[in-house]
Amino acid sequence: MPKHPTVTEPAIADLVETFYARIRTDPILGPVFLNKIAPDAWPAHLATMRRFWSSVMLTSGAYSGNPVGVHRAVPGLERPMFAHWLALFTQTAQDLFEPEPAADFATKAKRIAFSLELAIFHRLDAPPDGLTPPQRKSA
Ligand code: HEM
């Protein structure tokens with residue numbers, strides 16, 4: 001398959017399909033997604049994600065929603081998962097797109113992942129980021 005030279009709606013659909021196929025079999029992220037999204041809800045999730053990336057990359061306005069609120073309600077979502085999500089997304093974009101659009105996806109994804117991570121996990125009353133002591137599981 002030749003790589004997509006530009007960002008179009010069909011190219012976004014290809015990226016979304018491929019990325020979530022990889023997500024589903026990923027040892028870290030797969031269980032979180034499969035636990036939250038029932039088998040019959042996947043087509044709707046993929047359609048939402050096509051609208052999301054269309055809004056981000058093509059400023060189409062196709063997506064409206066509340067990603068912060070939605071992710072706060074995802075059981076088992078842990079802070080270090082964002083770096084892993086981003087690596088998998090960036091790799092998928094590089095596999096499917098020419099370098100320039102792949103880099104555009106990576107830049108936008110990184111910005112959004114960073115702000116989502118902060119919105120969900122940052123606490124003003126917690127130690128500074130990077131200095132949080134390892135969590136001990138209470139017996
Ligand atoms: C830390 C890794 C992540 C995990 C485990 C995760 C998991 C999920 C899950 C399970 C859903 C479906 C929730 C539901 O339908 O109830 C979801 C929705 C969504 N995710 Fe993520 N996500 C992650 C990171 C990201 C990032 C970095 C982005 C954006 C760059 C993103 C964008 C979205 C969007 C736009 C939705 C749809 C929200 C809506 O329903 O309007 N996610 N995510």
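Analyst: A nonpolar core is a set of buried Ala, Val, Leu, Ile, Met, Phe, Trp, Tyr and Cys residues joined through C-beta atoms within 7 Å. The structure discussed here is a predicted model.

User: Which helix gives the largest share of the largest nonpolar core?

Analyst: The largest nonpolar core of this predicted model has eleven residues in all, among them Val7, Trp53, Ala93 and Phe105. Helix H1 (9-25), H5 and H6 are the elements that give two or more residues to this core. With four residues, the largest share comes from H1.

User: Leaving aside neighbours within four places in sequence, which residues is Phe105 in contact with?

Analyst: Phe105 is itself a member of the largest nonpolar core, which also includes Leu96 and Ala102. Once the neighbours within four places in sequence are left aside, the residues in contact with Phe105 are Ala93 and Phe97.

User: Which helix gives the most residues to the shell around the ligand?

Analyst: There are 21 residues around the ligand, and those that come nearest are Lys36, Gly65, Met81, Ile112 and Ala113. Two or more residues of the shell come from each of helix H2 (30-36), helix H3 (42-58), helix H4 (67-72), helix H5 (81-96) and helix H6 (99-121). By kind, the shell divides into 16 nonpolar residues, four polar and one charged. The helix that gives the most, with four residues, is H6.

User: How far apart are the end C-alpha atoms of H3, set against the span its residues should have?

Analyst: H3 has 17 residues, and at 1.5 Å a residue they should span 24 Å. The distance between its end C-alpha atoms agrees with that span, because it is 23 Å.

User: Is Thr59 buried or exposed?

Analyst: Thr59 follows H3 and lies in the loop between H3 and H4. Its phi is near 40 degrees, a positive value in a residue other than glycine, whereas most residues other than glycine have a negative phi. A residue is exposed if 12 or fewer other C-beta atoms lie within 10 Å of its own. Because Thr59 has 8 C-beta neighbours inside 10 Å, it counts as exposed.

User: How far from His71 in space, C-alpha to C-alpha, is Glu117?

Analyst: His71 has its place in helix H4 and is partly exposed, because 16 other C-beta atoms lie within 10 Å. Not counting residues up to four places away in sequence, His71 touches Leu77, Leu116 and Ile120. Although His71 and Glu117 are 46 residues apart in sequence, their C-alpha atoms are apart in space by 9.6 Å.

Terms used. Residues numbered from 1 in each chain as written. Predicted model: local features only at pLDDT ≥ 70, side-chain atom pairs only at ≥ 80, totals over all residues. Near = placed C-beta within 6 Å. Nonpolar A, V, L, I, M, F, W, Y, C, P; charged D, E, K, R; others polar. Buried ≥ 20, exposed ≤ 12 C-beta atoms within 10 Å, placed from the backbone. Contact = placed C-beta atoms within 7 Å. Expected span 1.5 Å × (residues − 1).
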